[in-house]
Amino acid sequence: MNRTQSTLMLLVAVLIFALLPFASGCRGYHLGNQYLFRSDIRTVHVAMFESDSYRRFLGQRMTEAVIKQIANTTPLTITEPALANSFLTGRIIRDRKLVVGENITDEPRSIDVAWRLEVQWTDRAGVPLMQRQALKLDRGVTFIPEGGQSISTAQQVLIEHLARDIVGQMETPW
């Protein structure tokens, strides 16, 4: 085999391997987060989360976390109600603080903080955009006061987890 034939065979092999993904069914595959969300919805207004809790500012903190999560992980734009294609509303229905473990002098060593949220995402006509019309989320975290953790840090972790869960539910179903 001479040098021209070996170069030609190498070129054909490279061409076959380059075109193989297109022939094997991968041509419809998309990269990026813009394909995870509805293409007809471009903007969202996140209303201030309401809170049935007596703890102050939980609704404001939850709203801020959801807005940041939407801005960082979705192609959606946060906007005012007059310009929005869709509306996200939420309510903290219940918050609970429970001592999970105590030491021999009955001081709390491990404390569980749990919330229940109800979230709705609708378009301008009021049609639900999530798989379930009203999404109810239950989530909890445990913190250890002796380890330097406080209820504020536990709540912040809980808020971040719930914000991720909410935005995850906004994705289109597979």
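Leaving aside neighbours within four places in sequence, Thr63 is in contact with Val46, Ala47, Met48 and Phe49, contact meaning heavy atoms within 4.5 Å. Thr63 lies in helix α2. With a relative accessible area of 5%, Thr63 is buried; buried means under 20% relative accessible area, exposed over 50%, and partly exposed in between, with a 1.4 Å probe and protein chains only.

The model is predicted, so that local features need pLDDT of at least 70 and side-chain atom pairs count only at pLDDT 80 or more, while totals for chains, interfaces and linings use all residues. Residues are numbered from 1 along each chain as its sequence is written, and side-chain values use heavy atoms, with hydrogens and water left out.

The chain has 3 helices and 6 strands. Helices (H or I, at least four residues) and strands (E, at least two) are DSSP runs, numbered from the N terminus. From that terminus on, the order of the elements is α-β-β-α-β-β-β-β-α. Of the 174 residues in the chain, 29% are buried. Among contacts with a separation of 6 or more, 68% are between residues 24 or more positions apart.

Strand β4 takes part in several pairings, where two strands pair if DSSP finds at least two bridges between them. β1 and β4 are parallel and share 3 bridges, with Val46 opposite Leu88 in β4. Strand β2 (residues 50-51) also runs parallel to β4, joined by 2 bridges, and here Glu50 stands opposite Arg91. β4 and β5, in turn, run antiparallel and are joined by 15 bridges; Glu102 stands opposite Pro108 in β5. These two strands form a hairpin with 5 residues between them.

The turn of this hairpin holds Asp106, which has a positive phi of about 60° although it is not a glycine. Asp106 counts as exposed, at 56% relative accessibility. Phe57, in the loop between β2 and α2, likewise has a positive phi, of about 65°, without being a glycine. Phe57 is partly exposed, at 45% relative accessibility. Most residues other than glycine have a negative phi.

The interior can be followed through the largest nonpolar core, which has 33 residues. A nonpolar core is a set of buried Ala, Val, Leu, Ile, Met, Phe, Trp, Tyr and Cys residues joined through side-chain atoms within 4.5 Å. Met62, Leu88, Trp115 and Leu117 touch the most other members. Two or more residues come from each of β1 (43-46), α2 (58-73), β4 (86-102), β5 (108-123), β6 (135-143) and α3 (151-169). Helix α3 gives the most, with 7 residues. Not counting residues up to four places away in sequence, Leu117 touches Phe49, Met62, Arg91, Ile92, Ile93, Leu135, Lys136, Leu137, Leu162 and Ile166.

On the surface, Leu8, Leu11, Val12 and Ile16 make a nonpolar patch of about 390 Å². Patches are made of residues with over 30% relative accessible area and no salt bridge, like charges being joined within 9 Å and nonpolar side chains (Val, Leu, Ile, Met, Phe, Trp, Tyr) within 5 Å. A salt bridge is a side-chain nitrogen of Lys or Arg within 4 Å of a carboxyl oxygen of Asp or Glu. Leu11 belongs to helix α1 (residues 3-23) and is exposed, with a relative accessible area of 56%. The accessible surface of the chain comes to about 11,400 Å², of which 55% belongs to carbon and sulfur atoms. Accessible areas come from the Shrake-Rupley method with a 1.4 Å probe; for residues, only the protein chains shown count as cover.
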